[in-house]
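Colleague: I'd like to learn how to read a model like this one, feature by feature. Could you walk me through it?

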Amino acid sequence: MSIATALDAIALLLGERLSRSKSELTAHGRSESYFPLTPPDAVAYPESTEEVQALVAICAEHGCPVTGWGAGTSLEGHGLAVRGGVVVDFARMNKVLEIRPTDMDVTVQPGVTREALNEELRATGLFFPVDPGANASLGGMAMTRASGTTTVRYGTMRDNVLGLQVVLADGRVIRTGTRARKSAAGYDLTALMVGSEGTLGLVTELTLRLHGVPEATSAGICAFPDMGSAVTAVMEVIQMGIPMARIEFVDDATARAFTAYSGMEMAEAPHLLVEFHGSPESVAQDAERFGEIVADHGASPFRWSAREEERRALWALRHNGYYAILAARKGSRAVVTDMCVPISQLARAVEETQADIAASGVPGPILGHVGDGNFHAVLLVDPEQPAELETAKQLSHRMAERALALGGTCTGEHGVGQGKIGFMEAEHGAGWDVMGEIKRALDPQGLMNPGKLVRQG
Ligand SMILES: Cc1cc2nc3c(=O)[nH]c(=O)nc-3n(C[C@H](O)[C@H](O)[C@H](O)COP(=O)(O)OP(=O)(O)OC[C@H]3O[C@@H](n4cnc5c(N)ncnc54)[C@H](O)[C@@H]3O)c2cc1C
């Protein structure tokens, strides 16, 4: 029983689609964030569920760790093979299998990216709304229970995955869920798998909910004197039932980074970026009413437009936010934090975090999905200065503690990976032990993405 014998058997199964080249191992040993290079022993590129099933059976026989890989954009070192073994890259399982416009659902392979799916859906008048910014794979998004700018209206991956096909650690293939919009038939295995970060099995198919492309869209931006007024305004807008499709905030440091990166002039102040979906009349009315409400909270005039180019430019700015912030400190690496609190606690959480960051000496612009109570600090550290990485980790640690103290969670969307495992006990108590028991029941050898999410044996 060894990794080497498993890899020899997988090489017989996949031929050249099992790679041990240094460049492939390095590419699959890197993360978007600050985690050290952790190359696996090999990278496999299966093309079908049957190949994944055979690969997992070989790994079970020889005790070889198996870690899934989508687009590699996760931020907490999720996909790094910390115990070695084989990384299963789903890039070749990238087909949209069936679109069913009448039922508004679609079945895809896990390597399809969200942008590729929306491109494929273009002619149908439907779209898949979950938008984590990065062009992530749908398999990876399901496994991290991703969400993003549109969650306030369309929900997270939890709300938009109807069913999955999963290869379990012992090589069995199961289907979870159905295409029905609801079911009362037993334990919800789809919900168990979504957010499991590849620790319970490898996903080889997903059935997803689709939504109608809105007839019209309007989007706009305004500045606030301080973060507290911006958050209070958002709470009022939500309470008044104005249906926002996106509502994002950025702090003054992020606005400065945006201006430097994009050339689009923004005041150095907290801003809200907002989008409305509906009919041409309703999106205009929503934008007008939003402008009136935020003006009562000291906001600058709400500049909005229903023109597609202007809307795209606004969201390109937001989607490039991470890279704009990274560019604000040349040569830096980012520790990206992620906390989520009840919206009534959001202003306090942001203000306390800003004060903590300012006292630390590490730059850390803040941006987030204000409608969900979720925000991120992008802590910029000099890779040559280990003390800065330590300071950033301590800041991130205090943010997670702050989230829990305010009734929230240590991660609203990025997931646990390696970075948040230290908070699982504080957040879940005995519930974390139950997660460990589920893991041991489904993966008694601990081979599926070992070292992540549950208590380590
Ligand atoms: C600039 C930027 C902005 C971001 N913004 C957001 C945001 O707003 N919201 C958000 O939620 N996230 C955000 N992220 C994080 C990231 O995009 C998400 O975590 C995304 O869901 C990861 O998808 P991926 O395909 O890259 O998965 P990967 O990173 O490849 O994998 C993620 C996890 O899933 C497992 N996995 C992947 N595929 C499978 C499979 N088929 N079967 C079993 N396990 C599998 C991996 O082992 C790993 O544990 C951002 C990242 C970047 C770089």
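Colleague: Let's start with α17. What covers its buried residues?

Modeller: Cover is read from contacts, taken as heavy atoms within 4.5 Å. Here, what covers the buried residues of α17 includes α16 (424-428). Keep in mind throughout that this is a predicted model.

Colleague: Which residues of α17 are buried?

Modeller: Buried means under 20% relative accessible area. In α17 that gives W432, G436 and K439. Looking down the axis of α17, these buried residues fall within an arc of 60°, so they line one face of the helix. On the other side of α17 you'll find A430 and A441 exposed.

Colleague: How do I check the length of α17 against what a helix should span?

Modeller: Take 1.5 Å times one less than the number of residues. For the 13 residues of α17 (residues 430-442), that predicts 18 Å, and the end C-alpha atoms are 19 Å apart, which agrees.

Colleague: Let me try α15. What should its 20 residues span?

Modeller: It's the sum you just saw. Helix α15 runs over residues 386-405 and should span 28 Å; its end C-alpha atoms are 29 Å apart, so the two agree.

Colleague: And which residues of α15 are buried?

Modeller: They are E388, A392, L395, S396, M399, A400, R402 and A403. Around the axis they cover an arc of only 160°, which puts them on the same side of α15. The face turned away from that buried side carries the exposed residues P386, A387 and A405.

Colleague: What covers the buried side of α15?

Modeller: The cover over the buried residues of α15 includes β16 (333-336), β17 (339-340), α14 (346-360) and β19 (374-381).

Colleague: Where does Q394 fit, and is Q394 buried or partly exposed?

Modeller: Values between 20% and 50% are called partly exposed. Q394 is in helix α15, and its relative accessibility of 40% makes Q394 partly exposed. The C-alpha atoms of Q394 and S360 are separated by 9.6 Å, although the two residues are 34 apart along the chain.

Colleague: What happens just after α15?

Modeller: Look at the backbone torsions there. G407 takes a positive phi of about 85°.

Colleague: Now the ligand. How many residues surround the ligand, and which are the closest?

Modeller: A shell like this is picked by distance, with a heavy atom within 4 Å of the molecule. Here 37 residues surround the ligand, the closest being G68, T73, S74, P132 and S137.

Colleague: Which elements supply that shell?

Modeller: At least two residues each come from β3 (66-69), α5 (138-144), β10 (201-209) and α13 (321-327). The most come from α5, which gives five residues.

Colleague: Which polar atoms does the ligand have close by?

Modeller: Look for pairs of N or O atoms within 3.5 Å. A nitrogen atom of the ligand lies 2.7 Å from a backbone N or O atom of S147. An oxygen atom of the ligand is 3.2 Å from a polar backbone atom of E197, and an oxygen atom of the ligand is 3.4 Å from an N or O atom in the side chain of H369. As for cover, the ligand has 980 Å² of accessible area on its own, and the protein covers 96% of it.

Colleague: Back to α5 for a moment. Is T144 buried or exposed?

Modeller: T144 lies in helix α5, and with a relative accessible area of 17% T144 is buried. Setting aside neighbours within four places in sequence, T144 is in contact with S74, H78, G195, E413 and H414.

Colleague: And how would you read T254?

Modeller: Combine location, burial and contacts. T254 is found in helix α10 (residues 252-262) and is buried, with a relative accessible area of 0%. Its side chain makes a polar contact with the side chain of D251, at 2.8 Å. Beyond four places in sequence, T254 is in contact with I325, P365, I366 and L367.

Colleague: Last one: is L13 buried or partly exposed?

Modeller: L13, in helix α1 (residues 3-14), is partly exposed, with a relative accessible area of 29%. Leaving out residues up to four places away in sequence, L13 touches E51, A54, L55 and I58. L13 and E215 are 202 residues apart along the chain, and their C-alpha atoms are separated by 49 Å.

Terms used: Residues numbered from 1 in each chain as written. Predicted model: local features only at pLDDT ≥ 70, side-chain atom pairs only at ≥ 80, totals over all residues. Heavy atoms only, no water. Helix = DSSP H or I, 4+ residues; strand = E, 2+ residues; numbered from the N terminus. Buried < 20%, exposed > 50% of the residue type's maximum accessible area, 1.4 Å probe, protein only. Arc of directions from axis to C-beta. Polar contact = N/O pair within 3.5 Å; in protein donor to acceptor, adjacent residues only side chain to side chain. Areas by Shrake-Rupley, 256 points an atom, 1.4 Å probe, with all protein chains shown as cover.
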